[in-house]
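Here's a quick briefing on one helix and the two pockets it helps to line. Have a look at the structure first, then we'll go through it by topic.

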Amino acid sequence: MRPVILAAAKKGKCMNGIINVYKEQGFTSHDVVAKLRGILQMKKIGHTGTLDPDAVGVLPVCLGKGTRLVDMITDCGKTYEAVMLLGKITDTQDISGTVLESRPVNVMEVDVMDACNSFIGEYDQIPPMYSAIKQNGHKLYELARKGIEVERKPRKVTIKSIHINDINLDEENKTVTFTVECSKGTYIRTLCQDIGERLGCGACMQKLTRTRVGQFGIDDSLTLNQISALCLKGEFEEHLIAVDEMFPAYRKLIVLDEFAKLLYNGNKFGINAVKQPEELQLLDMEMYRIYDEKNNFIGIYRYDSGLFSLVKMFYDSKEA
């Protein structure tokens with residue numbers, strides 16, 4: 001049974017930014033976007049990476065001009081807490097699938113730790129059939145549901161760290177709970193299965209929680225019901241992260257009004273266009289947050305050999 005969603009807030013102005021959503025069990029990432037469109041009464045919304053319906057946790061969602069950040073956030077590293085069930089191999093690589101094989105589990109804690117640690121670093125991971133990856137125009141899970149299995153090319157993923165939180169080898173259902181920090185494109189279901197194969201007993205994923213995506217942590221995430229309640233109270237925007245706040249490491253520069261037309265059109269401009277240039281120490285290839293004199297965030301520019309060039313535009317010409 002899916003969580004109850006409160007009534008939508010009244011239609012208001014278009015909002016721009018990122019909201020840290022806690023995706024609950026039973027929802028797809030697409031479901032979250034659809035629900036938010038109803039709650040916020042706006043269409044321009046996009047999520048930053050899928051989570052399986054049974055998985056829970058952090059799902060940054062971009063609104064308005066924030067949707068231009070989707071690719072950048074998708075590329076961020078991610079952290080998960082997973083529960084791996086030893087001795088079971090399923091067609092989906094998680095507990096929701098059909099059990100293909102059951103094997104005895106004759107391993108010790110040291111074996112589990114060694115097997116998990118052996119995956120730290122870069123490794124070639126074969127994507128699961130039950131995934132949204134397209135091959136020859138068809139999503140793999142659509143083929144899998146028809147009983148069709150196709151060859152998948154391995155993809156290089158990076159496991160930055162694995163921390164074992166608990167190993168339970170005493171009960172009938174033997175489990176391992178671990179926290180993994182990994183690169184984009186990593187399937188934790190597949191990692192569990194690969195660890196199980198390394199141990200010889202097989203394994204599948206029993207539970208998955210995404211605890212971090214880049215700077216977005218689970219402690220700051222909001223459920224759809226919480227977001228709906230905030231909208232009804234007029235407090236939602238207090239929790240919306242502004243687009244320019246995604247670039248805290250880039251220095252802020254303001255461009256003079258007389259050069260605003262160049263700025264709004266995404267053209268290059270020189271150091272003479274920048275307010276108080278004598279106070280700057282510019283470095284070639286350094287990235288900057290660029291604003292106009294009205295303090296509108298225009299975009300990210302790169303400085304090189306006396307010129308600033310546009311990297312990513314976030315300004316809408318309708319704002320001029």
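What follows covers the helix, then each pocket in turn.

Keep in mind that this is a predicted model. Helix α5 runs through the whole story: it gives two or more residues to the lining of the largest pocket, and it gives the most to the lining of the second largest one.

**Helix α5**
- α5 takes in residues 188-199, and its 12 residues reach 16 Å from first C-alpha to last, close to the 16 Å expected at 1.5 Å a residue.
- Because 9 of those 12 residues are buried, α5 is largely enclosed by the rest of the structure.
- The buried set is I188, R189, T190, L191, C192, Q193, I195, G196 and L199.
- Just past the helix, G200 has a positive phi of about 90°.

**Largest pocket**
- This one holds about 1100 Å³ of space.
- It's lined by 36 residues, with T50, L51, D52, A132 and Y187 closest to the centre.
- Elements giving two or more residues to the lining are α1 (29-40), α2 (70-74), β4 (78-86), α4 (140-145), α5 and β12 (203-213).
- By class, the lining splits into 12 nonpolar, 14 polar and 10 charged residues.

**Second largest pocket**
- Here the volume is about 350 Å³.
- Of the 21 lining residues, D91, Q93, M129, E149 and R152 lie closest to the centre.
- β5 (88-90), β7 (121-125) and α5 each supply at least two lining residues, and α5 leads with 4.
- The lining is made up of 8 nonpolar, 7 polar and 6 charged residues.

Methods: Residues numbered from 1 in each chain as written. Predicted model: local features only at pLDDT ≥ 70, side-chain atom pairs only at ≥ 80, totals over all residues. Heavy atoms only, no water. Expected span 1.5 Å × (residues − 1). Buried < 20%, exposed > 50% of the residue type's maximum accessible area, 1.4 Å probe, protein only. 1 Å grid on protein atoms, 1.4 Å probe; cavity = no way out; pocket = protein on both sides within 12 Å on 5 of 7 lines; lining within 4 Å. Points joined across faces, edges and corners; volume = space filled by probe spheres on them. Nonpolar A, V, L, I, M, F, W, Y, C, P; charged D, E, K, R; others polar.
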